[in-house]
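Good morning. I will take a few minutes to walk through one protein model, so please have the sequence and the picture open.

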Amino acid sequence: MKKRNRIISICFSVILLFSIVSIILWEYVFDVEKFDYGFETNFGGWVGDADYLVGEDEIIAVDWNVTKVTENPYKGSYSICLEIDGFQDDGAVWIEKAFFVENDNSRYKHVKVSFQFFSDNFGMNTRALIFASINTTNPSIEEDFDHKITTITSDSYLDGWYKFSITAKIKPLDQIWVAIGIKVAWETLLKYYIDNVSVRIR
Ligand SMILES: [Ca+2]
Ligand SMILES: [Ca+2]
């Protein structure tokens, strides 16, 4: 038992050390372009977008909304609220933004995206899939998102704010598109909040 606890403790220490080194490298060592958004004065250039579900032989539009709100900010007075009517058991809503980079075909870009994500109603019946995406083109359908972070349920999350992050290595022409959002995973209304988005590009 003691040996097992020691191994778990060593694993945690290694993960912690790796995280700290990674933060130091991204924030202080690499030549990194830094973009931070708290949504206090405006949307910071982010816009809302959504993908509707496609039925057997028709496209059914669903209600969705992306708004700047004062309830439940992580920091400051505002956060972004994502809402979608998931009663058709399909659809996704997100915020997206383009970052312009030097047109250099031969160079990969390393991109890191972090954000705070909130719900005051995590539960089996309000579960959703959180996703974020780093792409070279403007995302418009769910299939454009390949960085699925996690499915949130009451089993894994208590109500409150959680930090998520993703990294990707891509070769853009002159734009990097970042998107953060939720995908319907149950037939219900979904309402979640995002704040403190940070994007790092090197
Ligand atoms: Ca804020
Ligand atoms: Ca779009």
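Let me begin with a question: which residue in S12 is the bridge partner of Glu-96? It is Ala-179. Before I say more about that strand, note that this is a predicted model, so none of what follows comes from an experiment on my part.

Here is the overall layout. The protein chain has 1 helix and 13 strands. Read from the N terminus, the helix comes at the start, and the strands follow it. Of the 202 residues in the chain, 28% are buried. Now take the contacts between residues with a separation of 6 or more: 78% of those involve residues 24 or more positions apart.

Back to strand S12, which covers residues 175-184. In S12, 8 of the 10 residues are buried, so the strand is mostly covered. S12 pairs with S7 in the antiparallel sense, over 9 bridges. S12 is also joined to S9, again antiparallel, by 8 bridges. In that second pairing, Ile-130 stands opposite Ile-182 of S12.

Ile-182 deserves a closer look. Leaving out residues up to four places away in sequence, Ile-182 touches Leu-82, Ala-92, Val-93, Ala-128, Leu-129, Ile-130, Leu-190 and Tyr-192.

Ile-182 also belongs to the largest nonpolar core, which has 36 residues. Ile-182 is among the residues with the most contacts inside that core, together with Leu-82, Val-93, Ile-95, Ile-180 and Ile-194. Several strands supply at least two residues each to this core: S5, S6, S7, S8, S9, S12 and S13.

My last stop is Ser-119, which is found in strand S8. Is Ser-119 buried or exposed? The cut-off for buried is 20 or more other C-beta atoms within 10 Å. Ser-119 has 22 such neighbours, and therefore counts as buried.

What does Ser-119 touch, not counting residues up to four places away in sequence? The answer is Asp-159 and Tyr-192. Tyr-192 also appeared in the list for Ile-182. One further distance: Ser-119 and Ile-194 are 75 residues apart along the chain, and their C-alpha atoms are separated by 9.3 Å. Ile-194, you may recall, is one of the core residues with the most contacts.

To sum up, S12 pairs with S7 and with S9, and S12 supplies at least two residues of the largest nonpolar core. That is all I have.

Note on methods
Residues numbered from 1 in each chain as written. Chains lettered and ligands numbered in written order. Predicted model: local features only at pLDDT ≥ 70, side-chain atom pairs only at ≥ 80, totals over all residues. Core = buried A, V, L, I, M, F, W, Y, C linked by C-beta atoms within 7 Å. Buried ≥ 20, exposed ≤ 12 C-beta atoms within 10 Å, placed from the backbone. Helix = DSSP H or I, 4+ residues; strand = E, 2+ residues; numbered from the N terminus. Contact = placed C-beta atoms within 7 Å. Pairing = 2+ DSSP bridges.
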